[in-house]
Amino acid sequence: MKNSAVSVLAITAAALLCAACDKIGAKKIKVRFAGTEGDSTPQSQMLYEVADRLNASGYFDVDVFTSGALSSDTDDLVTQALQGSHLIVPSDPARLSANQKVPDFGILMAPYALKDYRVLDKLHGTPLYQQWEKDFEKTGLKLIANNFYNGMRHFITNKEIKTPADLRGLRIRGFSNSVGNGLAKSLGYAQTSIPATDIYTGVQSKAIDGCEIQMPTSYGYRLWEVLKYTAKTGHYMLTSSIVCGTEFFDRLPKEAQDVLVETFRDVCSEYQAKVAKIEQDDLTEMQAKGMVVAEVNTAPFEAAVEPLYAELGFSAGLKDELFRQLDL
């Protein structure tokens with residue numbers, strides 16, 4: 001009887017030890033990060049930093065794929081995640097809002113909705129965001145984090161831009177989604193959707209007159225060589241939505257879920273100021289190389305896009321409510 005009891009205790013202890021080992025790394029959770037941006041961009045570097053910390057946690061075995069190595073189409077990567085793949089993907093609010101039919105989430109990418117990256121860390125705690133999390137979970141998608149700052153978008157052209165009227169008739173490369181098309185309509189320019197990597201040659205061949213783009217990307221593409229003016233309109237504040245499938249996320253132990261979410265949110269927060277510094281450094285470098293950078297009175301631009309909020313199907317008063325919850 002005594003030996004039997006000892007055996008039961010030994011078996012129970014062994015089972016508990018195995019369970020603990022599974023959680024701390026004896027059987028790590030394999031996951032891939034899949035991005036479409038170049039390897040050296042701040043977003044890709046953020047993914048590498050998160051991977052290092054998760055691998056060190058003992059719960060995860062993470063591989064990072066950038067530059068479209070798994071797919072150059074973000075929508076395709078998100079679809080793979082929805083289908084149960086162990087994928088974590090950076091996307092954006094406008095894209096996810098349209099594809100997953102959560103229309104109000106798109107306000108995070110609407111023109112002039114957000115202007116200061118320092119509010120992003122507050123976002124996760126708002127009732128609005130928490131409801132969006134639930135809405136996305138119903139579609140099979142888990143929002144892990146949405147506080148990565150990827151830069152402000154400005155107009156870069158060979159014509160000086162001071163007011164919306166200066167954009168009329170120009171062919172500008174921008175986002176090929178409902179938000180991007182709506183911005184073009186509101187400000188009076190023709191939207192084109194050539195790949196970002198073709199902006200330089202597109203300007204050379206006069207297929208386009210410029211683009212709306214963030215500074216690190218503009219600098220990386222050496223656009224000062226073919227475009228003269230940067231108008232600091234700051235019409236979009238780019239954020240990255242970090243997502244995975246609920247099928248994958250829900251299978252994780254609770255401790256691993258918490259580590260995953262907290263690590264992404266912590267690293268994204270740390271990168272905000274880094275990206276802001278990169279923006280300013282790149283802008284200074286382009287000025288030194290001949291780019292004319294102009295501060296712009298954004299009031300006429302904001303007034304021109306205000307009707308777009310209703311056209312995009314946002315709930316009435318959504319912008320005001322978002323600002324209230326963020327204490328803006």
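In the predicted model, strand 1 (residues 29-34) pairs with strand 2 in the parallel sense, over six bridges. Within this pairing, Phe 33 stands opposite Val 64 of strand 2. Helix 2 (residues 42-57) carries the chain from strand 1 to strand 2, and the resulting β-α-β crossover is right-handed.

Strand 2 spans residues 60-65 and has two unlike faces, one covered and one uncovered. Phe 60, Val 62 and Val 64 form the covered face. Asp 61, Asp 63 and Phe 65 lie on the uncovered face. In a regular strand, side chains alternate between the two faces of the sheet.

The loop between helix 2 and strand 2 contains Gly 58. Gly 58 counts as buried because its relative accessibility is 9%, below the 20% cut-off. Gly 58 and Ile 29 are 29 residues apart in sequence, yet their C-alpha atoms are 9.1 Å apart in space.

The largest nonpolar core comprises 84 residues. Phe 33, Met 46, Phe 60 and Phe 264 have the most contacts inside it. Helix 11 (residues 254-288) gives the most to this core, contributing nine residues. Phe 264 touches Phe 33, Met 46, Leu 47 and Val 50. Its further contacts include Ile 88, Ile 144, Ala 145, Asn 147 and Ile 242, with residues up to four places away in sequence not counted. A second core, separate from this one, has 14 residues, among them Trp 224, Val 226, Leu 227 and Met 286. In soluble globular proteins, nonpolar side chains tend to be buried together.

Definitions and conventions: Residues are numbered from 1 along each chain as its sequence is written. This is a predicted model: local features need pLDDT of at least 70, side-chain atom pairs count only at pLDDT 80 or more; totals for chains, interfaces and linings use all residues. Side-chain values use heavy atoms; hydrogens and water are left out. Buried means under 20% relative accessible area, exposed over 50%, partly exposed in between (1.4 Å probe, protein chains only). Helices (H or I, at least four residues) and strands (E, at least two) are DSSP runs, numbered from the N terminus. Two strands pair if DSSP finds at least two bridges between them. A crossover is right-handed if, with the strands pointing away from the viewer, the path from the first strand over the helix to the second runs clockwise. A nonpolar core is a set of buried Ala, Val, Leu, Ile, Met, Phe, Trp, Tyr and Cys residues joined through side-chain atoms within 4.5 Å. Contact means heavy atoms within 4.5 Å.
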